[in-house]
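Got your viewer open? Let's take a short walk through this model, one selection at a time.

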Amino acid sequence: MSFQRTTEQPSHYRHLEKMSVQEILSNINQEDKTVPQAVEKALPQIEKLVAVIADKMLAGGRLFYLGAGTSGRLGIVDASECPPTFGVPFGLVIGLIAGGDAAIRKAVEFAEDDREQGWKDLKAYDITAKDVVVGIAASGTTPYVIGALNQCRAEGIVTGSICCNAGAPLSAAADYPIEVVVGPEFVTGSTRMKSGTAQKLVLNMISTAVMIQLGRVEDNKMVNMQLTNDKLVDRGVRMLMGQLNLTDYEQAKELLLKAGSVKKAMEEYNR
């Protein structure tokens with residue numbers, strides 16, 4: 001049977017322009033409700049990929065996300081949030097997009113069609129078999145991503161993938177494929193909608209689960225978060241007060257700022 005992209009199938013809804021705003025919003029919301037159930041079906045696939053990423057990173061490897069368009073941007077968002085949330089170094093989780101950084105804000109024509117460029121972008125980071133590469137493409141057919149994953153396999157680099165079509169070519173190129181089949185979009189083919197939501201949910205799961213495995217979370221707290229603004233400093237102070245049973249806010253704040261993180265502050269306090 002030939003590969004069929006459900007992400008390109010006609011919307012379940014017709015004549016969207018004739019709908020009231022209330023109808024548009026209600027129908028989009030009804031479609032969005034189906035996404036978590038689709039993700040749930042893929043949990044066993046997600047678990048396998050998380051396990052191998054955690055093992056590789058515990059051994060000193062890095063995680064790369066690779067995508068084009070919305071998929072690439074979502075990977076970059078997840079990668080960029082790891083250092084402030086979990087206190088890991090920049091460069092431990094790296095997001096790459098077809099067309100380079102310029103494509104984050106503005107589409108770069110035909111960048112996703114270059115089958116060779118994805119591997120070139122990875123090589124610029126001196127990628128090795130210690131690392132893991134996760135290709136992201138809603139359609140599961142993006143040449144930029146598939147070409148890179150095929151070359152990674154040839155180089156002995158572990159690969160994963162996230163797409164929204166069953167039996168996609170991208171899945172065949174990955175060691176640990178994840179397929180979250182969300183069906184047709186509300187606006188036909190607009191994969192920034194349900195497909196994008198599904199990819200974001202999966203990326204949240206991957207990075208959060210991996211970082212917990214790496215010991216970057218204690219109890220349910222971001223004890224390694226970077227103190228980059230007043231809100232996060234206040235959160236850290238209150239976290240520290242709760243963990244150490246302190247009642248003096250200023251004392252806790254001084255301890256936190258001197259140590260640089262909640263985890264280090266707790267370690268210094270308990271010495």
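**Stop one: Glu 218 and its partner**

Start by selecting Glu 218, which is partly exposed, with a relative accessible area of 26%. Keep in mind that you're looking at a predicted model. Now add Lys 263: the two form a salt bridge, with their closest N and O atoms 2.3 Å apart. This pair links distant parts of the chain, since Glu 218 sits in the loop between H9 and helix H10 (230-244) and Lys 263 in helix H12 (residues 262-269), 45 residues apart. Lys 263 is partly exposed too, at 23% relative accessibility.

Next, pick Asp 219 and Lys 221, whose side chains meet in a salt bridge (3.7 Å, N to O). Asp 219 is exposed, at 67%, while Lys 221 is partly exposed, at 25%.

**Stop two: a buried pair**

Select Glu 31 and Lys 194 for another salt bridge, 2.7 Å from N to O. Glu 31 belongs to helix H1 (residues 21-32) and Lys 194 to helix H9 (residues 194-213), so this contact ties together parts 163 residues apart in sequence. Glu 31 is buried at 9%, and Lys 194 is buried at 2%. The whole structure has 6 salt bridges.

**Stop three: negative charge outside**

Highlight Glu 112, Asp 113, Asp 114 and Glu 116 to see a negative surface patch. Asp 114 lies in the loop between helix H5 (102-105) and helix H6 (117-123).

**Last stop: the cysteines**

How many disulfides does the structure hold? The count is 0. Select Cys 82: its sulfur is 19 Å from the closest cysteine sulfur, in Cys 152, so that's too far for a bond.

Note on methods:
Residues numbered from 1 in each chain as written. Predicted model: local features only at pLDDT ≥ 70, side-chain atom pairs only at ≥ 80, totals over all residues. Heavy atoms only, no water. Patch = residues over 30% accessible without salt bridge, like charges linked within 9 Å, V, L, I, M, F, W, Y side chains within 5 Å. Areas by Shrake-Rupley, 256 points an atom, 1.4 Å probe, with all protein chains shown as cover. Salt bridge = Lys/Arg side-chain N within 4 Å of Asp/Glu carboxyl O. Lys, Arg positive; Asp, Glu negative; His and termini not counted. Charge placed at Lys NZ, Arg CZ, Asp CG, Glu CD. Helix = DSSP H or I, 4+ residues; strand = E, 2+ residues; numbered from the N terminus. Disulfide = S-S within 2.5 Å. Buried < 20%, exposed > 50% of the residue type's maximum accessible area, 1.4 Å probe, protein only.
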